[in-house]
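I opened this entry to work through the ligand site and then a few local features of the backbone and side chains. My notes follow in the order in which I looked things up.

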Amino acid sequence: MDRIKIVGGGKLTGTIPISGAKNAALPLLIASLLTADRLTLKNVPNLADVNLLVRILRNHGVDLAVDGKRADGASHLGETFHLTARDIVDTTAPYEMVSRMRASFWVLGPLIARMRQAKVSLPGGCAIGTRPVDLHLQGLKALGAEIDIDRGYVLAKAPKGLRGARIIFPKVSVGATHNVLLAAALAKGETVIENAAREPEVGDVADCLVKMGVRIDGIGTSTLRIQGKDRLEGAVHTVLPDRIEAGTFAMAVAATGGDVLLQGARGIDLTTALEALRQTGTDVTEVEGGLRIVRNGNGLLPISIETQPFPGFPTDLQAQLMALMTRAQGTSVIRETIFENRFMHVQELARLGADIQLHGDTATIKGVKALQGAPVMATDLRASVSLVIAALTADGETTINRVYHLDRGFERLEEKLSRCGANIERISAS
Ligand code: EPZ
């Protein structure tokens, strides 16, 4: 298994190109199931999760062609995928695949909508919490799907096709919004989703569906109105930049000090996180072509924050903010309200010398003068990258084990950081 070795202490200076968003690319790839025509996606990040989803989609009959490498060296612009689901040859998504990546459960809505039947494994729990799918099933039932659960599988059918309906989600769920939005695109008549997730990735999927011929009102708001179509067309769509990757690098710069341009990052997708960074004393400016993050000399101020659905502070940046706050001059408080068990980074950060107390959903972080490098273990994607941030500021050498977690969601992380002066290196297992 690969490891990452980091020797901390240096500042970050330079430019980091931001890749296409993993959490938009995944549902956009799934949208290819909705049409027999070609869906072209540009700026697709090269990530383990993308590759796994492609395998799942191929199993359903999706054909994929990837454009060759760019001669202009603009590899940071991601890859261009041409996806065609002319015939869906299999409507089953097996446990072996769905259990490895939760977002693959989102094939359920498109498969029922197009094929009127689907058998999709329940995703099961995962490291960050129990993560049920009741809201997904509630939404799809409202559209007319008959759903049974049998031996770990969701068996769904809609012999006469799906019909539009009004769905009021009792809780904001990104995945349930994606699943129902994708299904509603091929349902008869109008679907209204109330209390829909407003994450920019949901908006990106909705924008793509509009290009495929669906009328959607309320994109970016918590009420989506979708006029379903019998048949969707092909489209060309560019995946939006990854706000979580951008926020992560912004926190890395705040932690180490330095001056970095996050090329392609959009402030509008990160308002609350950038405000939090400003409160720590970091300079954040929107400039042409991205965001500029600067921290020179001054100490970090502590802050208190709780995670919330968009536009609140994202749970996917909670671990990174905690790593940053381990070095603040004072005590910070971070409350995790989205997932009940998303604190696995705490004990690993403690191995580097962080002072963090956990009480239920709340972490109290007393800033320390210095962290010391040590061997640590990556536990999930965002927890792993919080260890990278901490290691960049620690004295001496840190090795991070189980880095396959990082490869699920960060494209060329070591290269991007080392180009800005970080002493970071991947040690291959072989
Ligand atoms: C998406 O997960 C993201 N994944 C997660 O990013 C992100 O942390 C999360 O949204 C919240 O922003 C992708 O986009 C691929 P939810 P999702 O449904 O859709 C509860 C990362 O690191 N809930 O919005 O699975 C649930 O338990 C990942 O990139 C139900 O109760 O999250 C949680 O408490 C990790 N019933 C809350 O809602 C349901 O049916 C929000 O979950 C569904 C969810």
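I began with the helices around the ligand, keeping in mind that the model is predicted. I found that α1 (22-31), α5 (134-142), α6 (174-184) and α12 (381-393) each supply at least two residues of the shell around the ligand, and that α5 gives the most, with three residues.

I then asked which domains the shell draws on. At least three of its residues come from domain 1 (3-19 + 241-427), and at least three come from domain 2 (22-227).

Next I looked up the make-up of the shell, and I noted 11 nonpolar, five polar and eight charged residues. Of the 24 residues around the ligand, I listed D134, S173, D316, I338 and R382 as those that come nearest.

For the polar contacts, I went through the oxygen atoms of the ligand one pair at a time. At I338, a backbone N or O atom lies 2.5 Å from an oxygen atom of the ligand. At D316, an N or O atom of the side chain is 2.6 Å from a ligand oxygen, while at V174 a polar backbone atom is 2.7 Å from an oxygen atom of the ligand. I also looked up how much of the ligand is covered, and I recorded that the protein covers 91% of the 830 Å² of accessible area that the ligand has on its own.

Turning to the backbone, I checked the peptide bond from F310 to P311 and noted that it is cis, with omega near 10 degrees. I placed P311 in the loop between β18 (304-306) and α10 (318-325).

I also marked R151, a residue other than glycine whose phi is positive, near 45 degrees. R151 belongs to the loop between β8 (146-150) and β9 (153-157).

Last, I searched for ring interactions. I counted zero aromatic pairs in the structure, but I did find the charged end of K119 sitting over the ring of Y153, at 4.9 Å from the centre of that ring.

Methods. Residues numbered from 1 in each chain as written. Predicted model: local features only at pLDDT ≥ 70, side-chain atom pairs only at ≥ 80, totals over all residues. Heavy atoms only, no water. Near = heavy atom within 4 Å. Polar contact = N/O pair within 3.5 Å; in protein donor to acceptor, adjacent residues only side chain to side chain. Areas by Shrake-Rupley, 256 points an atom, 1.4 Å probe, with all protein chains shown as cover. Helix = DSSP H or I, 4+ residues; strand = E, 2+ residues; numbered from the N terminus. Nonpolar A, V, L, I, M, F, W, Y, C, P; charged D, E, K, R; others polar. Domains from an automatic or database assignment. Phe/Tyr/Trp six-rings, centres within 6.5 Å; stacked < 30°, edge-to-face > 60°. Lys NZ or Arg CZ within 6 Å of the ring centre and 35° of its normal.
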